[in-house]
Amino acid sequence: MTAVAPRPLQRLSFNHLVPFSHTTPAAAFADGIRLFTIAEAVGLDDGWLRTRHLQTGLGASTVYFGALSQATSRIGLGTAVTPLEFENPFRLAEDLGTADVLSGGRLQPGFSLHAPGYADAVNDLVHDAGWRVEDYGRGRVELLRSLVSGAPVREVAAYGGFGGDIDSPRVEPHSPGLASRLWYGAGSLESVTWAGEAGFQLLLGNISSTHDGGTDFAREQSLQIDAFRAAHPLGDAARVNVSRVILPLDGATPSQVAKYREYVAGRAHRVGRVHGAKTIISNDLIGTVDELVDEIRADASFQRADDYQVHLPFEFEFAEWKHLVETLATRLGPALGWTPATERGI
């Protein structure tokens, strides 16, 4: 693998599941909004939602964007990722357009593609019977992009005095620029190459595929980034966002330090081996800011990325999430050469 000069860190963000209890979801949703406002105040560039279904994590991301759009004014609002098997591209295009207009053009929607994965009886309830014949391939996200871009869906006859005066040939509302802000979540050489050829921006997480059985996560992900940019019309300028669990200990209370260390230790068994046929998982990063900077600087995938995204463990509570968000913006980011958006005049 050829060494490359580190790319400057452009955008720094967090990723939140917005977990809630069965009995008090409203309190968790309010805390999530409060966390986004804190992240905006300390200068983080974006906040991302992890869309979940049939779990006690946020499933209706675009609805939540509506609330976030009114509680914040600058921070980008993304999904990493929305699984498209649960979505009708036409209706999702309407929802995204509405949320983007409400937010003033701040959405950064990211998507993944998979076939429905529940048992057949559950799939029938969740997706209706059409899941058995519907195409869940890459044409689904390309159709969504076409609809979001304002491509015509039908012809509209001239106004004849009734009904048709509010008809439109395209999905409404149309939000100019939204189609250029779409991301694709990939994790194999084949899928990142397709994402590049299709002209999407690339989201890379902490779970990936090995192409040759190797377990060096940074190496595998670096090869994917190189393949993505080689296939993309923008070449080296094509945008890549890399995400990890990163737990800085600076400013943490003793109980938080213990909690962070216990969390990382409990997940260490996942690292350094292949799960199933091809799945590999990155290590979680924990340490002082100085230690984390050294580790990030040594990771070739980070060095090839434009943006870093930090996952907030859903097992934590608001105090820990607040500490991580604030430390990311005020200590770790600046140590990596990043400047908060509030200081960049954004």
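# Notebook: a predicted barrel model

**Entry 1. Phe 29 and helix α1.** I began with Phe 29, which has a relative accessible area of 27% and is therefore partly exposed. I note here that the model is a predicted one. I located Phe 29 in helix α1. Setting aside residues up to four places away in sequence, I found Phe 29 touching Val 18, Phe 20, Leu 58 and Tyr 64. I also looked up its separation from Arg 50: the two residues are 21 apart in sequence, and their C-alpha atoms are 14 Å apart in space.

**Entry 2. The barrel.** I then turned to the sheet. Eight strands close into a barrel, with parallel pairing, in the order β1-β2-β3-β4-β5-β6-β8-β12. From one strand to the next I recorded an average twist of 25 degrees. Helix α1, residues 25-41, packs on this sheet and touches β1, β2 and β3 (76-83). The direction of helix α1 makes about 170 degrees with that of β1.

**Entry 3. Strand pairs.** I went through several of the pairings in turn. Strand β6 (residues 201-204) pairs with strand β8 (residues 240-244) in the parallel sense, over three bridges. Within β8, Asn 241 is the residue that stands opposite Leu 203. Strand β8 also pairs with β12 in the parallel sense, here over four bridges. Ser 243 has Gln 309 in β12 as its bridge partner. On β1, I found five bridges to β12, and these two strands run parallel. Ser 13 stands opposite Gln 309 in β12. Gln 309 thus appears in my notes with Ser 243 and again with Ser 13.

**Entry 4. Strand β12.** How many residues of strand β12 are buried? I counted five of five for this strand, residues 307-311, and noted it as mostly covered. I next checked which way its side chains point. In a regular strand, side chains alternate between the two faces of the sheet. In β12, Asp 307, Gln 309 and His 311 point one way, whereas Tyr 308 and Val 310 point the other way. The residues of both sets are buried.

**Entry 5. His 16.** I looked up His 16 in strand β1, which covers residues 11-16. Is His 16 buried or exposed? Its relative accessibility is 2%, so I entered His 16 as buried. I listed its contacts, leaving out residues up to four places away in sequence. They are Gly 32, Leu 35, Trp 48, Leu 49, Arg 50, Leu 312 and Trp 321.

**Entry 6. Salt bridges.** My search of the whole structure returned 22 salt bridges. Side chains of opposite charge can pair when their charged atoms come close. I examined three of the pairs individually.

The side chains of Asp 306 and Arg 7 meet in a salt bridge, with an N to O distance of 2.9 Å. Asp 306 lies in the loop between α10 (300-304) and β12, and Arg 7 in the segment before β1, so this pair ties together parts that are 299 residues apart in sequence. I found Asp 306 and Arg 7 to be buried. I also noted a network of salt bridges that links Arg 7, Arg 229, Asp 236 and Asp 306.

The side chains of Asp 299 and Arg 244 form a salt bridge at 3.9 Å, N to O. I placed Asp 299 in the loop between α9 (289-297) and α10, and Arg 244 in strand β8; the pair therefore ties together parts that are 55 residues apart in sequence. Both Asp 299 and Arg 244 are buried.

The side chains of Arg 170 and Glu 172 meet in a salt bridge at 3.0 Å, N to O. Arg 170 has 34% relative accessibility and so counts as partly exposed. Glu 172 is likewise at 34%, and so counts as partly exposed.

**Entry 7. A nonpolar surface patch.** Which residues form a nonpolar patch on the surface? I listed Leu 54, Val 122, Leu 125 and Val 126, which together have about 400 Å² of accessible area. I looked more closely at Leu 54, which is found in the loop between β2 (46-49) and α2 (61-71). Leu 54 has a relative accessibility of 66%, and because exposed means over 50%, I entered Leu 54 as exposed.

Conventions:
Residues numbered from 1 in each chain as written. Predicted model: local features only at pLDDT ≥ 70, side-chain atom pairs only at ≥ 80, totals over all residues. Heavy atoms only, no water. Patch = residues over 30% accessible without salt bridge, like charges linked within 9 Å, V, L, I, M, F, W, Y side chains within 5 Å. Areas by Shrake-Rupley, 256 points an atom, 1.4 Å probe, with all protein chains shown as cover. Salt bridge = Lys/Arg side-chain N within 4 Å of Asp/Glu carboxyl O. Buried < 20%, exposed > 50% of the residue type's maximum accessible area, 1.4 Å probe, protein only. Contact = heavy atoms within 4.5 Å. Pairing = 2+ DSSP bridges. Axes fitted to C-alpha atoms, helices over the stretch in contact; angles between N-to-C directions.
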